Amino acid sequence: KFDPSHFNVDDYKHKKDGKGLKYCLIAEAFDKIDALKGSGSSSKKMSNAILTNLFRIFIVHCPGELNDAVYLCMNKVAPDYEGIELGVGDSLIIKAISEMSGRTEAHIKKDAEALADLGQLAVTSRQTQRMLFQPEPLAVRKVLESFRAIAKISGNDAQKRKKDKVKGLLVASKGSEAKYIVRHLQGRLRIGVQAASIFSCLGQAFALTCPAVSDEDAVGDVRRKSRTDTKELNQRLTAYDDAVRAAACECPNIDIIVDHLIQGTDASELPDKCQVQPGLPVKPMLAKPTKGISEVLDRFSECNFTCEYKYDGERLQVHVVDRGNDLPDIRFFSRSSEDLTTKYPDVESAVRELLKEETKCCILDCEVTAFDVESKTILPFQHLATRKRKDVNEENITVKTKIHPFDCIYYNGQSLVRHQFKERRECMWKCLTEDPNRAEYAKFKDLDSMEDVQAFLDEAVRNHCEGLMVKSLDDHATYEPSKRSLNWLKIKKDYIEGMTDSIDVIPIGAFHGKGKRQGVFGAYLLAVYDAQGDQYETICKAGTGFSDEALEKHSQTLKEHIVDQKPTYYKVTDKQPCDVWFKPVEVWEIKGADMTLSTAHTAASELRSDSKGIGLRFPRFLRIRDDKNPDDATTSEQILELYDAQFTKKKKE
Ligand code: ATP
């Protein structure tokens, strides 16, 4: 029922001439969403309504800042692939609060411990400050620009300059603004709103607000029209919601998407306008785990499918960008859209040399593995893990690599996302000439009997692969960016052997080592990510699987991320009295025996009707996943699925 054209926007105009809106509009929306926490199943609906209305206000009154508002809600300052992160530590924020309030850092630290929320502390500290002159209110654009500037500050006195900028923002803040500024800086808004919901709200905001146009008078005219036909409105809501989410998967740049919407691009046209483009990373399609070949055959009983080797390396999206008469640009992106071009100069040389003349531009989905040229074998992932993440010099490379393209997302000017896998594979084969030492398409067989799949799985494992990927060929076989799809199934040898799949967890706390482990952390408390509540829930305490060097290395790295007290977004029982707590920074792959209900752990407890947590027994550390961010770790929902799957598997046996 909200009508943005009746919204009293004058209170929120940053300047009298109406240019730009105040940041407090966003802070107030965050406050409302925050207040809904714990109010049950309706809270998601309500918080989506608040965000949708917030975006509608921008569409009607300040369309030029809508993209800024979306960035702030996402808590991002730039597209992921630009690799610009705010990265401001608590100690710098404490310094800024201390200087702003005139109280010592020790006092601020003590209060922060008691309050368990630095953001709230910034608010109270700001309120007790009397100002001779009232600073200008914070504008949406100014806040985002300041964040961008803070992220880019480097050099000698970077910390001081960053602190001064943070202080400037805090001094100018009013009401709860300081709370969210601090949380933006800490990298976690903690209002429980996920990127997918933000895109969905953005779509709905356009569906509910008549097509926006850049001409301000026209906006005034169209916004008065009311849409009373509920059926039409519902269709519009679904169409825009789907269109914006689809656009966001293919086009990782908020500015481009918002720009098209503001220009009046209709839902039906948006996905075409925001198609994948070489040079911009696409969110990768993900696979569902299966527990055996029979499950795969059940799933694909009605359609044609293919089995491919599942290589054990790093996912690499290879982009070949057409530069006309110049050489094509070649760029690589990781699973989480990080630019990995300078990590793989050897792959760049290989692609450049092996690119077929007919291919002007393309995007290939590949796995890169460590490869021993002498014995012609793929080496375990650990070899690849020794490589630096950036600025590798090709001449110094000791561990050779090989790429295994398995999909083609774009070919010579055309996005293939909505094409069936069979066609995409045909295009893929047109891209590179194979080279046994540097590039070979994923080995595949189109099979249909249990015995044949088993034989191919054995062959894959003998050839140092993790198992098989099984994919639908021509029925429901489009490329589904960022989706964990039933049209891609993974069979790993481990879970056929009766073990659970590995999971990706975040070390959130640690216990000091004793005896032989004196001086390093002896065990870690590990957590999974609860995406709904935007919090971390513990699943196990692990002290095995670590070599002495690994223990040393983890202690060194994680010591840098110790926080004074357990963050409020960690859900931990009192059975886990960690000696230190860390910020969520790393993702570790671990493996265990099985999962049980546990009173010591909290994983998936919000999702179970009895509120019991799930724990992983006998966990063992496998490796660091530096291609995943903490929010890409295994989610509580996946843990519940894995837990439940144990029983279906036992029943089948
Ligand atoms: P996920 O990516 O599904 O979150 P994960 O990163 O732990 O999980 P796995 O469970 O091992 O990865 O399986 C999926 C990954 O397998 C892909 O992301 C890709 O990196 C890799 N892979 C290797 N071979 C293939 C192939 N032929 N087709 C698709 N993916 C493959």
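**Exercise 1. List the buried residues of helix α2 in this predicted model, then check the length of the helix.**

*Solution.*
Step 1. Apply the cut-off: a residue is buried if 20 or more other C-beta atoms lie within 10 Å of its own.
Step 2. In α2, the buried residues are Ser47, Ile50, Leu51, Thr52, Leu54, Phe55, Arg56, Ile57, Phe58, Ile59, Val60 and His61.
Step 3. Now take the length. Helix α2 covers residues 42–61, which is 20 residues.
Step 4. From the first C-alpha to the last, α2 reaches 29 Å. At 1.5 Å a residue, 28 Å is expected, and the two values are close.

**Exercise 2. Describe how helix α5 packs on helix α6.**

*Solution.*
Step 1. Locate the pair: α5 spans residues 105–115 and α6 spans residues 118–127.
Step 2. Their axes lie 9 Å apart, at an angle of about 125 degrees.
Step 3. This angle makes α5 oblique to α6.
Step 4. Add the handedness: the crossing of α5 past α6 is right-handed.

**Exercise 3. Do the same for helices α7 and α8.**

*Solution.*
Step 1. Helix α7 holds residues 140–152, and helix α8 holds residues 158–172.
Step 2. The axes come within 10 Å and cross at roughly 165 degrees.
Step 3. Angles over 145 degrees count as roughly antiparallel, so α7 is roughly antiparallel to α8.
Step 4. The crossing of α7 and α8 is left-handed.

**Exercise 4. Serine 611 has a positive phi; find its place, and decide whether it is buried or exposed.**

*Solution.*
Step 1. The phi of serine 611 is about 60 degrees, although this residue is not a glycine.
Step 2. Serine 611 sits in the loop between β19 (595–598) and β20 (613–616).
Step 3. A residue with 12 or fewer C-beta neighbours counts as exposed. Serine 611 has 10 inside 10 Å, so it is exposed.

**Exercise 5. Repeat the analysis for phenylalanine 618.**

*Solution.*
Step 1. Phenylalanine 618 is not a glycine, yet its phi is positive, about 50 degrees.
Step 2. Its loop runs between β20 and β21 (620–624).
Step 3. Phenylalanine 618 has 11 other C-beta atoms within 10 Å, so it is exposed.

**Exercise 6. Name the residues around the ligand and sort them by character.**

*Solution.*
Step 1. The ligand is surrounded by Leu286, Ala287, Glu308, Lys310, Tyr311, Arg315, Arg335, Glu367, Phe406, Ala442, Met469 and Lys490.
Step 2. Two elements, β1 (286–289) and β2 (305–310), give two or more residues to this shell.
Step 3. Sort the shell: six residues are nonpolar, six are charged and none is polar.

Definitions and conventions:
Residues numbered from 1 in each chain as written. Predicted model: local features only at pLDDT ≥ 70, side-chain atom pairs only at ≥ 80, totals over all residues. Near = placed C-beta within 6 Å. Helix = DSSP H or I, 4+ residues; strand = E, 2+ residues; numbered from the N terminus. Nonpolar A, V, L, I, M, F, W, Y, C, P; charged D, E, K, R; others polar. Expected span 1.5 Å × (residues − 1). Axes fitted to C-alpha atoms, helices over the stretch in contact; angles between N-to-C directions. Parallel < 35°, antiparallel > 145°, perpendicular 65-115°, else oblique. Left-handed = near helix turned anticlockwise from the far one by under 90°.
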